[in-house]
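Here are a few exercises to work through with the model open beside you. Try each task before you read its solution.

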Amino acid sequence: MTTDQQIDANGQLRHLITLEGLGRDRISALLDRAANLREAFAKGANGPQLLAGRTIINLFFETSTRTRTSFELAARRLGASVLNFDIASSSTSKGESLEDTLATLEAMQADAFIVRHKENGTPARLAACARRAAILNAGDGNHAHPTQGLLDALTIRDHHTDFSKLKVVICGDIRHSRVARSDVHALEALGASEIRLCGPLVLMPAAGDFPQCRLFNNFDAAIADCDVVIMLRLQRERMLEALIGDEAEYFSRFGLTAQRLSRARPGALAMHPGPMNRGIEIAADVADGPQSVILDQVANGIPVRMAVLASLLSS
Ligand code: CP
């Protein structure tokens, strides 16, 4: 799906499938709305009941802790009803197509579907056949995870308002990462000065995949002078063969340790989208240390998803 297919004839977001090409203004507006909702909630206000009477269905074909839960909390805070569709006991296991499942649930007046699937393009496929409901991509294969890109951008913006001065390194399993792709699209749109990607050769993206980034295989070099360090999970479920044999060796070359973090700018942010593997991707003392904003990322998931739901569904 192209960006244009996410936008309706009035220039409004109709679906959220990818951040690619969405542009600085639209992304900044979503972050501003998320920040306002977060501030209102911190003062004790429940979210404005913008989605009262609306029904949102979580359609997760892959596991999730953060995304599914925070979409549910976000929707409830805006007054919507939420259904967590049980894939295992549904008729998809009897061969019903995803399109027929969607049409069936839309006939029950569902207003939005939050879709996670292992296959690239599944949310776009559903968006192409949705009659009136909005489709929100909660992660498809290694293609995109747009709300993760937005919540990562909000977390960074809380510390650095001027992206034009920012150097960001993303390290780990870039090849299989939808988070890396959405983070790069958000950072590029917001004008980050430099985006570096680092990982072992077998986990680097295909040539030409990220023309806007500098590629590294040496983490000590890649992290130097960075303001933000984003670590990625080793996504073994997306590896067709065991690409990383020795986890201790991986950690020694690509793990984020306190010593390595000291090569970045003083106070550099340490980030991880989760779920994280301590001692493989990131040292426990860094994950729990003063430069870690990992739980801030999690917390920002709720206002970001409120902002996206409100933008798509409230008139
Ligand atoms: N970051 C993220 O997508 O986490 P979950 O898989 O727990 O949703």
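**Exercise 1. Find out whether Glu72 is buried or exposed, then look at its salt-bridge partner.**

Step 1. Glu72 has a relative accessibility of 17%, so it counts as buried (buried is under 20% relative accessible area, exposed over 50%, partly exposed in between, with a 1.4 Å probe and protein chains only).

Before going on, a word on the ground rules: this is a predicted model, where local features need pLDDT of at least 70 and side-chain atom pairs count only at pLDDT 80 or more, while totals for chains, interfaces and linings use all residues. Residues are numbered from 1 along each chain as its sequence is written, and side-chain values use heavy atoms, with hydrogens and water left out.

Step 2. The side chain of Glu72 meets that of Arg76 in a salt bridge, 2.7 Å from N to O (a side-chain nitrogen of Lys or Arg within 4 Å of a carboxyl oxygen of Asp or Glu).

Step 3. Both residues sit in helix 3, four residues apart, so about one helical turn separates them (helices are DSSP runs of H or I with at least four residues, strands are E runs with at least two, and both are numbered from the N terminus).

Step 4. Arg76, at 42% relative accessibility, comes out as partly exposed.

**Exercise 2. Work out which elements the salt bridge between Glu194 and Arg214 connects.**

Step 1. Check the pair: N to O is 2.8 Å.

Step 2. Glu194 belongs to strand 6 (residues 194-198) and Arg214 to strand 7 (residues 214-216), so the bridge ties together parts 20 residues apart in sequence.

Step 3. Now accessibility: Glu194 is buried at 16%, whereas Arg214 is partly exposed at 44%.

**Exercise 3. Describe how domain 1 and domain 2 meet.**

Step 1. Set the bounds: domain 1 covers 3-144 + 298-313 and domain 2 covers 159-292; such bounds come from an automatic or database domain assignment. Their centres, taken over C-alpha atoms, lie 26 Å apart.

Step 2. Look at the contacts: 19 residues of domain 1 touch 15 residues of domain 2 (heavy atoms within 4.5 Å).

Step 3. Get the area: about 1200 Å² is buried between the two domains, with 53% from carbon and sulfur atoms (this is the accessible area, 1.4 Å probe, that two parts lose on being put together, summed over both). On the domain 1 side, Arg24, Arg66 and Asn142 supply 38% of the area buried against domain 2, more than any other three residues.

Step 4. Look for a salt bridge across the interface: the rule finds one. It's Glu62 with Arg178, at 3.0 Å between the closest N and O atoms.

Step 5. Place that pair: Arg178 is in helix 7 (residues 178-189) and Glu62 in the loop between strand 1 (55-60) and helix 3 (66-77), so the bridge ties together parts 116 residues apart in sequence. Arg178 is buried at 5%, and Glu62 is buried at 17%.

**Exercise 4. Say where Thr155 sits and what it touches.**

Step 1. Find Thr155 in helix 6 (residues 146-157).

Step 2. Its relative accessibility is 1%, so Thr155 counts as buried.

Step 3. Leaving aside neighbours within four places in sequence, Thr155 contacts Leu269, Met271, Val293, Asp296, Gln297 and Asn300.
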